[in-house]
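Work through the following exercises with the model open beside you, and try each task before reading its solution.

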Amino acid sequence: MKVQDKPMFVVKEGQLSGQSWTLDRDVTTIGRGVDCDIVLPERQVSRHHVRVERRNQGYILIDLGSKNGTHVNGQEINQPHLLQDGDEVQIALCVRLSFIGAEATVPLSFEGVTGSPVRIDKGTRRVWVRGQELDPPLSPAQYRLLELLVDTDGRVVSREEVVSAVWPDAAEEGVSEQAIDALVRRLRDRLAEIVPDHQYIVTVRGHGFRLDNA
């Protein structure tokens with residue numbers, strides 16, 4: 001057990017079951033859209049489903065005119081709702097979140113939750129790990145490497161493939177193994193900022209690298 005110094009949401013039901021997010025912003029948007037602060041990849045969830053605002057009296061949950069509605073403790077909300085420790089929030093009746101207030105005790109079952117897949121938005125080159133966006137963004141080289149690993153979906157990619165994807169103009173002159181290893185190490189470090197206990201990029205000796213996105 002530990003005391004949480006900021007309020008948080010923990011997913012109790014849905015594709016991201018077991019994940020948690022700390023509410024450390026004045027406004028937090030939740031929905032299916034990749035531009036939301038908390039992204040819920042469920043078809044029934046609206047693109048911008050709900051918003052949480054930090055006000056003097058506490059954290060206010062506001063439905064954003066979602067198609068399939070928002071329920072708190074089994075009751076659909078049509079007005080702003082002041083969140084209380086222990087509230088159960090259902091998003092479109094397919095994702096169930098538990099609200100844990102600041103200074104509340106977090107159950108052991110919510111600590112050390114496992115990582116979820118790395119997700120990228122190719123249009124904006126934004127990256128999310130365990131539902132949290134990497135900030136600051138990845139460097140261009142780091143993003144190109146991650147995109148390659150995501151696109152190959154767990155397959156081992158060779159060093160030659162890395163060079164072609166990351167440094168296409170330098171493919172003929174060649175790129176040193178040290179430069180490739182340094183890039184992989186920097187990308188690992190960035191992903192570990194959110195999930196320090198899971199190594200997403202696996203080195204397969206003699207072959208290359210793959211993304212462990214389970």
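**Exercise 1. Describe how helix H1 and helix H2 pack, from their axes to their residues.**

Begin with the axes, which are lines fitted to C-alpha atoms over the stretch in contact, with angles from 0 to 180 degrees between N-to-C directions: those of H1 (residues 140-151) and H2 (residues 159-166) come within 9 Å and cross at roughly 130°. Helices here are DSSP runs (H or I, at least four residues), numbered from the N terminus. Next, classify the angle: under 35 degrees counts as roughly parallel, over 145 as roughly antiparallel, 65 to 115 as roughly perpendicular and the rest as oblique, and H1 and H2 are therefore oblique to each other. Then list the residues in contact, meaning heavy atoms within 4.5 Å: Ala 141, Arg 144, Leu 145 and Leu 148 of H1 meet Glu 161, Val 162, Ala 165 and Val 166 of H2. Sorted by class, this contact has six nonpolar residues, no polar ones and two charged ones, where Ala, Val, Leu, Ile, Met, Phe, Trp, Tyr, Cys and Pro count as nonpolar, Asp, Glu, Lys and Arg as charged, and the others, Gly among them, as polar.

The model is a predicted one, in which local features need pLDDT of at least 70 and side-chain atom pairs count only at pLDDT 80 or more, while totals for chains, interfaces and linings use all residues. Residues are numbered from 1 along each chain as its sequence is written, and side-chain values use heavy atoms, with hydrogens and water left out.

**Exercise 2. Find the salt-bridge partners of Arg 51 and Glu 133, and state whether the residues are buried or exposed.**

Recall that a salt bridge is a side-chain nitrogen of Lys or Arg within 4 Å of a carboxyl oxygen of Asp or Glu; the structure holds twelve of them. Arg 51 pairs with Glu 53 at 2.8 Å, N to O. For accessibility, buried means under 20% relative accessible area, exposed over 50%, and partly exposed in between (1.4 Å probe, protein chains only). Arg 51, at 25%, is partly exposed, whereas Glu 53, at 16%, is buried. Glu 133 pairs with Arg 126, also at 2.8 Å, N to O; Glu 133 is partly exposed at 31%, and Arg 126 is partly exposed at 22%.

**Exercise 3. Which residues are linked with Glu 88 in a network of salt bridges?**

Start from the pair Glu 88 and Arg 96, whose side chains meet at 3.3 Å, N to O. Extending the search, Lys 12 joins Glu 88 and Arg 96 in the network. Glu 88 itself is partly exposed, at 26% relative accessibility.

Notes. Helices (H or I, at least four residues) and strands (E, at least two) are DSSP runs, numbered from the N terminus.
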